[in-house]
Amino acid sequence: MTGTFHHRQELLRREAEVQLRDRPLPSWQKRVLHRFAAERDNGWYPLLNQFAPHTPRQRPDLVLVGRMGVLVVLLREAEPDWEDSRAAFVWTAELLAGASIGSGMLSESVLRTVVVHPIEHTGRQGRSADHLAITEDELDRLLKRGERILTSDEALSLAKHLDSRTFDLTPIMWNSQRIPRQRGSVPEVLQEPVAPSARRPFRDWRYFLDDAQLGAVRRSYSGPAQISGPAGTGKTTLALHRLAYLARRGDGKLLYTAGLPLVPERAGKRFDQMAPELSGQIEFTSLHEWARGFLAGRGRSADVDDQEVRRAFDAVWSRDVVLHGFRNSREYWKDEVDRVIKGRGISTFDSYRSASRKGRGGQLPPEFRSHAWRFYCEYERELSERGVFDHNDVLKRALVELERRPLPRQYAGVVVDEAQELTLTGLRLAHAISGDGPDQLLLVGDGQQQVLAGGWRLSDAGISLHGRGEVLQHDYRNRGRVLERAGQVEAINRFDEGPSLPLNAALPVRGGGQVVEWHGLEQERALLCALLALDDDSSAAIITETEASAEHWLHVLREAGVKALPLAEWDGRDTTDTLVGTSLQAKGSEFRTVFLPAESAPPPGSREDRETHQRRRLVAMARAQDHLWLSHPH
């Protein structure tokens with residue numbers, strides 16, 4: 001069999017020699033092309049630039065399409081300028097734009113740029129910022145190794161697509177009208193076109209998008225824009241692809257940020273999977289971390305002593321008697337200070353007295369506003385006496401400093417994910433970082449998933465969308481039964497008045513799924529039994545509403561000998577540990593199986609508490625891809 005295989009490859013190589021003999025190519029380039037042509041039976045389809053060896057500097061010499069993706073190949077004696085390799089990539093990407101192969105619209109992540117040098121080349125090799133550089137004796141790295149992205153039929157479809165889109169590329173050793181069937185191959189079952197997640201692993205978001213997502217990735221916005229949609233519709237996926245799209249068409253730095261620290265960290269890991277060659281161009285950081293780094297760079301103190309801040313607040317809370325009488329909840333009044341007064345940059349009592357408390361439930365009576373303002377002033381005095389400041393102060397100081405002296409070089413684009421969780425001051429800071437220029441600011445969010453208190457209007461931050469918004473509606477994460485159950489949660493959207501869609505109106509892409517509604521007395525035993533019955537490769541998480549409940553379940557799992565990891569310590573990489581944490585800590589993630597145990601905390605009292613509870617429950621349930629376990633103890 002081995003002899004027959006090598007004999008077949010030798011025949012193909014000789015056939016390629018005949019086909020290319022009239023081409024005035026350097027001998028080493030001919031050897032490379034002969035090697036590519038000999039891989040035809042392995043599903044590789046080469047297309048040669050008709051101008052080779054005098055290919056324009058910013059065009060590929062060859063495009064190679066196979067099951068491991070699309071290779072944009074430059075055959076060069078010396079290392080090309082980065083502008084040339086990037087332009088060759090973009091030229092090929094534009095030819096493939098909108099290509100649909102039954103698994104969804106093709107994203108640019110299916111492409112890789114490769115520079116092939118002659119064997120005697122002694123310059124830089126390996127992965128650079130824009131391409132992989134190898135010599136001709138290392139071609140097996142391209143042809144034999146790597147993840148299979150496409151089916152054989154999809155690879156052929158893309159090769160035909162390229163052949164039909166341009167006269168610059170010419171098929172070598174294959175004819176787009178007549179392709180000989182590969183020896184020993186089995187015809188693939190014909191299928192109706194379906195979305196990628198319907199028949200592929202969920203992680204194939206790296207390569208395929210639907211038409212609405214791809215349109216938003218490539219669209220040019222004249223000013224700030226907004227992407228919204230229910231949980232699971234691919235908002236973050238779209239944002240990451242848009243960052244890659246912008247990075248490949250410019251040389252400026254890009255910023256991905258969010259008000260929640262874990263979200264950028266996990267998004268950064270996803271981006272590394274999707275486009276590792278571009279990671280150096282994009283900064284993934286929380287807004288607070290960005291502000292601290294910015295202030296430190298300007299020689300301003302920016303460290304926050306969280307323990308001392310907590311002591312300052314508790315000292316004021318312990319002396320208060322009036323606010324206890326209206327609402328005896330430390331967290332409620334902490335939110336009033338953090339999310340309303342300081343979070344909105346309110347600096348006078350007159351402003352606070354007339355301020356809309358959007359997202360804070362019922363109106364606060366005027367007499368209690370005066371008490372709340374006095375409480376805030378005492379808190380500020382306590383911070384000052386202790387010589388510390390809190391996280392809101394960091395954002396405010398960064399905003400003031402940025403207004404005093406703007407960035408010397410503005411970011412080429414800024415994406416703000418989970419925008420609904422920002423304070424108004426945070427939103428103003430993000431706007432000051434990005435500016436109002438074309439494609440500068442993209443807000444990504446969903447009001448049904450807001451788990452922190454407060455709210456705002458875009459106009460309060462000086463942001464105008466003027467219709468520059470997209471609403472995604474296809475749910476790629478949750479299987480049908482999981483989506484239906486999560487959609488039954490009455491999560492009220494108190495977010496900004498922009499376009500939105502509730503989860504129960506999302507269109508499921510993947511059918512099936514399993515929802516278990518457990519009723520009984522021994523909740524811990526039932527959850528452990530269900531967890532241990534999962535497949536070994538099933539990613540699972542226990543999601544709670546409170547940190548106290550999360551700590552309880554971590555203890556339960558470890559006592560039972562189950563490997564467990566707090567969600568607050570998880571960076572987004574694959575793990576066999578069961579993850580445990582709150583719905584807030586679960587933001588920016590998804591799992592095959594999610595467990596929602598019942599909690600012993602008292603039921604929410606006010607309307608605002610009930611709404612927050614429901615939104616957090618929706619966030620937790622919507623993390624489940626395939627299986628959802630809900631507890632209802634007697």
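Start at Arg 165: with 41% relative accessibility, this residue counts as partly exposed. Keep in mind throughout that the model is predicted.

**Stop 1: Arg 165**

Select helix H5, residues 152-165; Arg 165 is in it. Now add Glu 94, Leu 95 and Ala 97 to the selection. Arg 165 is in contact with these three, once neighbours within four places in sequence are left aside. Draw a distance between the C-alpha atoms of Arg 165 and Glu 94. It should read 9.9 Å, for two residues 71 apart along the chain.

**Stop 2: the whole chain**

Zoom out and colour by secondary structure. The chain has 21 helices and 23 strands. Turn the C-alpha trace onto its principal axes, and the spans come to about 95 × 60 × 40 Å. How does the radius of gyration sit against that of a compact globule? The chain has 28 Å, which agrees with the value near 26 Å for a compact globule of 634 residues.

Next, map contacts. Take those between residues at least 6 apart in sequence: 78% of them join residues at least 24 apart. The Arg 165 contact with Glu 94 spans 71 residues.

Switch on the surface. The exposed area is about 27800 Å², and carbon and sulfur atoms supply 49% of it. Of the 634 residues, 55% count as buried. Colour the charged side chains: there are 86 positive and 89 negative ones. The centres of these two sets lie 2 Å apart.

**Stop 3: the largest nonpolar core**

Hide the surface and go inside. The largest nonpolar core holds 55 residues. Select Trp 290, Tyr 352, Tyr 379, Val 416, Leu 427, Leu 429 and Ile 433, the members that touch the most others. Then show the elements around them. Helices H10 (287-297), H11 (306-319), H13 (330-341), H15 (366-386), H16 (391-404) and H17 (424-434) each supply at least two residues of this core. So do strands S13 (413-417) and S14 (441-445). Which element gives the largest share? Helix H15 does, with seven residues.

**Stop 4: Glu 308**

Stay with helix H11 and pick Glu 308, which lies in it. Is Glu 308 buried or exposed? At 18% relative accessibility, Glu 308 counts as buried, because the cut-off for buried is under 20%. Show Arg 386 and Val 388 as sticks. Glu 308 touches both, not counting residues up to four places away in sequence.

**Stop 5: backbone exceptions**

Most residues other than glycine have a negative phi, and most peptide bonds are trans. Three places to check follow.

- Select Ala 52 and Pro 53. The peptide bond between them is cis, with omega near 10°. Pro 53 lies in the loop between strand S1 (45-49) and strand S2 (62-66).
- Move to Met 173, in the loop between strand S8 (169-171) and helix H6 (196-199). Its phi is positive, near 70°. At 3% relative accessibility, Met 173 counts as buried.
- Finish at His 466, in the loop between S14 and strand S15 (469-471). Its phi is positive as well, near 50°. His 466 counts as exposed, at 69% relative accessibility.

Put the last two side by side. Met 173 is a buried residue with positive phi, whereas His 466 is an exposed one. Strand S14, which precedes the loop of His 466, also leads back to the core, where S14 supplies at least two residues.

How values were computed
Residues are numbered from 1 along each chain as its sequence is written. This is a predicted model: local features need pLDDT of at least 70, side-chain atom pairs count only at pLDDT 80 or more; totals for chains, interfaces and linings use all residues. Side-chain values use heavy atoms; hydrogens and water are left out. Helices (H or I, at least four residues) and strands (E, at least two) are DSSP runs, numbered from the N terminus. The radius of gyration is taken over C-alpha atoms; the globule rule is 2.2 Å times the number of residues to the power 0.38. Buried means under 20% relative accessible area, exposed over 50%, partly exposed in between (1.4 Å probe, protein chains only). Contact means heavy atoms within 4.5 Å. Accessible areas come from the Shrake-Rupley method with a 1.4 Å probe; for residues, only the protein chains shown count as cover. Lys and Arg count as positive and Asp and Glu as negative; His and the chain ends are not counted. The place of a charge is taken as NZ of Lys, CZ of Arg, CG of Asp or CD of Glu. A nonpolar core is a set of buried Ala, Val, Leu, Ile, Met, Phe, Trp, Tyr and Cys residues joined through side-chain atoms within 4.5 Å.
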